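Me: I should like to learn how to read the packing features of a protein model. Please take me through them one at a time, with the general idea followed by the case at hand.

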Amino acid sequence: MNDRLYIFDTTLRDGEQSPGASMSKDEKLRIARQLEKLGVDVIEAGFAAASPGDAGAIHAIAETIRGSTICSLARANERDIHAAGGAIKPAKSGRIHTFIATSPIHMEKKLRMQPDQVLEAAVKAVKLALEYTDDVEFSAEDAVRSEMDFLVRIFDEVIKAGAKTINVPDTVGYSIPALWGERMKQLIEQVPNAGTVIWSTHCHNDLGMAVANSLAAVLNGARQVECTINGLGERAGNASLEEVVMAVRTRRDVFNCDTRIDATQIVPASKLVSTITGYPVQPNKAIVGANAFAHESGIHQDGVLKHRETYEIMRAEDVGWHANRLSLGKLSGRNAFKTKLAELGIVLDGEEALNSAFARFKELADKKREIFDEDLQALVSEEVATTQPERFKLVSMKVCSETGETPHAQLVFTDEGAEKHASGLGSGPVDAAFKALESVVNSGADLLLYSVNNITSGTDAQGEVTVRLSHDGRVVNGQGADTDIVVASAKAYLHALNKLHRKNERAHPQV
């Protein structure tokens with residue numbers, strides 16, 4: 001059995017389907033560069049047929065990335081295949097990932113097709129995709145609820161047609177490890193020529209078992225796992241890349257395989273994705289949570305001090321913790337700043353953008369004694385956001401909060417260049433700031449989420465705020481960072497409002 005486990009990252013496609021997690025082309029490029037540094041085998045960069053913006057982002061990533069295969073998703077139809085083929089054309093190594101539903105409920109209720117029609121469409125899609133690349137992957141959507149005989153039949157036919165990777169997805173997160181492992185084993189045993197392809201699995205986390213199901217598939221012959229950074233994804237998310245990678249690496253006594261992932265890049269990748277998407281990582285999240293290597297119990301602390309392996313099965317530094325301190329500070333020059341951005345895989349668009357980012361860096365350095373990688377990522381995210389069309393922009397604010405008195409806020413902001421003044425009362429300073437803004441903007445949006453996360457440690461750390469707004473069926477995330485958490489909150493709210501007012505924002509079709 002092949003001892004190489006391929007990592008297929010779909011953060012930029014399935015991860016982006018999380019509510020409000022839509023990313024710009026520049027943000028996708030930053031994440032793609034980090035995924036390449038991480039050592040991901042395949043980057044599913046998007047769904048080319050979803051929109052011209054998605055196709056353009058895939059094309060840009062295909063032009064830039066050389067160390068990973070660049071993949072586009074495509075439904076089993078001519079339009080999607082042509083869009084995917086065009087998007088991945090510049091890639092050094094390109095893949096088209098085509099899919100069609102195979103479960104009775106999907107075929108009858110969604111596709112309104114007979115099984116023979118589904119099989120015919122699958123084979124036709126694979127053959128058409130081969131006109132663009134010799135690396136074609138086929139997925140049977142909702143394989144978890146598909147009939148085994150039909151799965152065997154359709155997989156046999158697409159392998160004959162030329163598919164090199166066969167993906168078995170638990171699209172709705174319905175399976176459990178014992179059953180999923182058995183299904184993978186039976187398919188490999190029953191599908192003719194199963195040994196000529198790489199078997200893959202793509203599990204969702206609706207019942208909290210995406211990683212467990214993925215690992216069960218690996219134990220039974222799967223050699224590609226489709227996953228995302230931080231387990232990001234629609235509904236309850238996808239299998240978490242960091243958990244899959246470290247489970248396989250830590251338990252080599254169980255898994256007869258390993259990945260080419262550079263584990264020291266896991267935490268930087270996690271923080272970058274969290275910063276860009278506005279989805280904070282829970283403190284007790286395995287591998288990348290702030291508490292993942294913290295010990296509160298006196299017994300545990302005593303044991304770790306005497307011998308680390310008494311309570312730690314991994315070293316924090318092996319996955320990228322404690323490696324975020326910079327030698328940059330308020331006296332650092334522009335060239336040192338530019339060099340550090342390059343080390344982080346951050347490429348700014350021209351000298352003007354670099355100068356603007358450097359000015360922001362100097363402002364931050366005056367407020368903070370130490371600057372960390374995460375501070376720079378947040379700074380650049382804010383810089384990129386300001387280069388996009390902005391209707392609203394914060395100019396200044398004053399907030400008063402006093403015991404026994406109702407907090408109030410006064411803000412000055414611009415609306416398409418015109419200066420506006422707003423004031424409001426609230427149950428707290430943040431509530432007052434938001435109400436002040438709404439008293440002038442009158443967006444009609446509902447606040448779905450308000451989240452605060454410290455970017456780094458220390459009382460002078462930047463606070464990173466995520467605001468999720470909903471209006472007329474659209475959901476957007478706004479982010480803001482500042483050493484003053486109330487200022488960060490106002491920035492985040494205005495960032496979300498700007499997204500709501502952009503006409504070119506789009507939602508992915510459900511996959």
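**Reading the interior**

Reply: Let us begin with contacts around a single residue; note that this model is predicted. Leaving aside neighbours within four places in sequence, Trp199 is in contact with Phe155, Ile166, Val168, Met184, Leu187, Ile188, Val191, Ala194, Gly221, Ala222, Arg223 and Gln224.

Me: Where in the secondary structure is the place of Trp199, and does Trp199 count as buried or exposed?

Reply: Trp199 belongs to strand E7, which covers residues 198–203. Buried means under 20% relative accessible area. Trp199 has 3% relative accessibility and therefore counts as buried.

Me: What separation do the C-alpha atoms of Trp199 and Arg223 have?

Reply: A contact list may be read alongside backbone distances. The C-alpha atoms of Trp199 and Arg223 are separated by 5.7 Å, while the two residues are 24 apart along the chain.

Me: Which residues have the most contacts inside the largest nonpolar core?

Reply: A nonpolar core is a set of buried residues joined through side-chain atoms within 4.5 Å. The largest one here has 99 residues, and Phe138, Phe155 and Trp199 have the most contacts inside it. Another core, of 26 residues, lies apart from it; among its members are Ala432, Ala433, Val467 and Leu497.

Me: How many aromatic pairs does a search of the whole structure find?

Reply: Aromatic pairs are read from the distance between ring centres and the angle between ring planes. The search of the whole structure finds eight such pairs. Phe434 and Tyr493 form a tilted one, with 4.5 Å centre to centre and 35° between the planes. Phe434 lies in helix H15 (residues 429–441) and Tyr493 in helix H16 (residues 485–501), so this pair ties together parts that are 59 residues apart in sequence. Both Phe434 and Tyr493 are buried. Elsewhere in the list, ring pairs link Phe138, Phe155 and Trp199 into a cluster.

Me: How many cavities of 30 Å³ or more does the search find, and which residues line the second largest?

Reply: A cavity is read through its volume and its lining. The whole structure has two cavities of 30 Å³ or more, and the second largest has a volume of about 40 Å³. Its lining consists of Ser274, Gly278, Tyr279, Pro280, Ser451, Asn453, Glu464 and Thr466. Strand E12 (446–454) and strand E13 (463–471) are the elements that give two or more residues to this lining.

Me: How do the residues of that lining divide into nonpolar, polar and charged?

Reply: The lining of the second largest cavity has two nonpolar, five polar and one charged residue.

Note on methods:
Residues numbered from 1 in each chain as written. Predicted model: local features only at pLDDT ≥ 70, side-chain atom pairs only at ≥ 80, totals over all residues. Heavy atoms only, no water. Buried < 20%, exposed > 50% of the residue type's maximum accessible area, 1.4 Å probe, protein only. Phe/Tyr/Trp six-rings, centres within 6.5 Å; stacked < 30°, edge-to-face > 60°. Helix = DSSP H or I, 4+ residues; strand = E, 2+ residues; numbered from the N terminus. 1 Å grid on protein atoms, 1.4 Å probe; cavity = no way out; pocket = protein on both sides within 12 Å on 5 of 7 lines; lining within 4 Å. Points joined across faces, edges and corners; volume = space filled by probe spheres on them. Nonpolar A, V, L, I, M, F, W, Y, C, P; charged D, E, K, R; others polar. Contact = heavy atoms within 4.5 Å.
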